[in-house]
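Me: Could you take a close look at one part of this model for me, the place where the ligand sits? I'd like to know what surrounds it and what the space around it is like.

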Amino acid sequence: MVQISNYIYCKDDILQLDMPTKLFPNPYYDYPYMIIDDFFSENNIKELNRLLRIDDDIEEAKVRKLTRINSIDKKLDKSIRKTKIHKIPSKFDELYQKQFIFFQKRIEDFFKMALTTSTSVQILEYTKGSFYKAHSDDSNMLLKDDKLVGFKPVAEQRKITTVLFLSDDYEGGELIFNYLYNEDKEVVKIRGKKGQMVVFLSNPIFTHEVKEVKTGNRFTLVQWHDAVLN
Ligand SMILES: O=C(O)CCC(=O)C(=O)O
Ligand SMILES: [Fe+2]
């Protein structure tokens, strides 16, 4: 294991792989990711949950599946991802933008980057049985005979991922960082409280997964951000 911050370690084998977008935050931090408490207030979360739970304008999420090296099939692949997507209600889109601008400087200082453009906001719903298998947000995994041999960037400017937890009344559904471990050599598992945002780098070191939801509904608001390094 290689220590990448005061309390977090990274598996050695992953570091040997071909990974053009590899990047780490400052190694002197306690954690290599940021947690922002109360990005949304309790009242806002409550109102947004009410709207989402009656919203039936949902879409099944698609995943770009890498079939052969250099060939990406955009088929819906249920073995990789099973989630639904909601549009953010417009009132909350404005509120989200306002809050994001408020926290942007802190995010930029933490990662020593300047954010440029961001994707539009997506609200994901994970009902019982939903999951999202291990993936990196800026690259596809390159497999050879079912063995991971490296990563191929799909979005080189994409540097930062934000996940805002909108609910916490569910079991399962942990956000796992597959290659990161704590001091007790346990894989890093995040169980965000509603209203909390987790901010992490989008590169393969921060490959992540959402474990299957066992009960309840897990809602997250995700966004990917392009940035330039300071
Ligand atoms: O729902 C989550 O916690 C993570 C979603 C995710 O990894 C993504 O959309 O890229
Ligand atoms: Fe992701």
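Reply: Quick bit of vocabulary before we dig in: a polar contact here is a pair of N or O atoms within 3.5 Å. Bear in mind, too, that this is a predicted model.

With that cut-off in hand, start with Asp137, where an N or O atom of the side chain is 3.1 Å from an oxygen atom of ligand 1. Two histidines join in. His135 puts a polar side-chain atom 3.1 Å from a ligand oxygen, and for His208 the distance from a polar side-chain atom to an oxygen of ligand 1 is 2.9 Å. As for how wrapped up the ligand is, on its own ligand 1 has 290 Å² of accessible area, and the protein covers 100% of that.

Now for the wider shell. Ligand 1 is surrounded by 13 residues, and the closest are Tyr126, Asp137, His208, Arg218 and Thr220. Sorted by class, that shell has 8 nonpolar, 3 polar and 2 charged residues. The elements giving two or more residues to it are β10 (122-126), β11 (131-135), β19 (208-210) and β21 (218-229). β21 makes the largest contribution to the shell, with 4 residues.

So what kind of space is the ligand in? Ligand 1 sits in the largest cavity, which holds about 150 Å³ of space. There are 17 residues lining this cavity, and those closest to its centre are Leu124, Tyr132, Val163, His208 and Val222. His208 is worth a second look, since it is among the residues closest to the cavity centre and also among those closest to the ligand.

The strands tell a similar story. At least two lining residues of the largest cavity come from each of β10, β11, β14 (158-165), β19 and β21. Here again β21 gives the largest share, 4 residues of the lining. By class, the lining comes out as 9 nonpolar, 5 polar and 3 charged residues.

One more thing while you're poking around in there. The structure holds 2 cavities of 30 Å³ or more, and the second largest has a volume of about 50 Å³. Its lining is made up of Thr21, Leu23, Asp138, Glu156, Arg158, Lys159, Ser202 and Asn203. By class, those lining residues split into 1 nonpolar, 3 polar and 4 charged.

Technical notes: Residues numbered from 1 in each chain as written. Chains lettered and ligands numbered in written order. Predicted model: local features only at pLDDT ≥ 70, side-chain atom pairs only at ≥ 80, totals over all residues. Heavy atoms only, no water. Near = heavy atom within 4 Å. Polar contact = N/O pair within 3.5 Å; in protein donor to acceptor, adjacent residues only side chain to side chain. Areas by Shrake-Rupley, 256 points an atom, 1.4 Å probe, with all protein chains shown as cover. 1 Å grid on protein atoms, 1.4 Å probe; cavity = no way out; pocket = protein on both sides within 12 Å on 5 of 7 lines; lining within 4 Å. Sits in = over half its atoms within 2 Å of the grid points. Nonpolar A, V, L, I, M, F, W, Y, C, P; charged D, E, K, R; others polar. Points joined across faces, edges and corners; volume = space filled by probe spheres on them.
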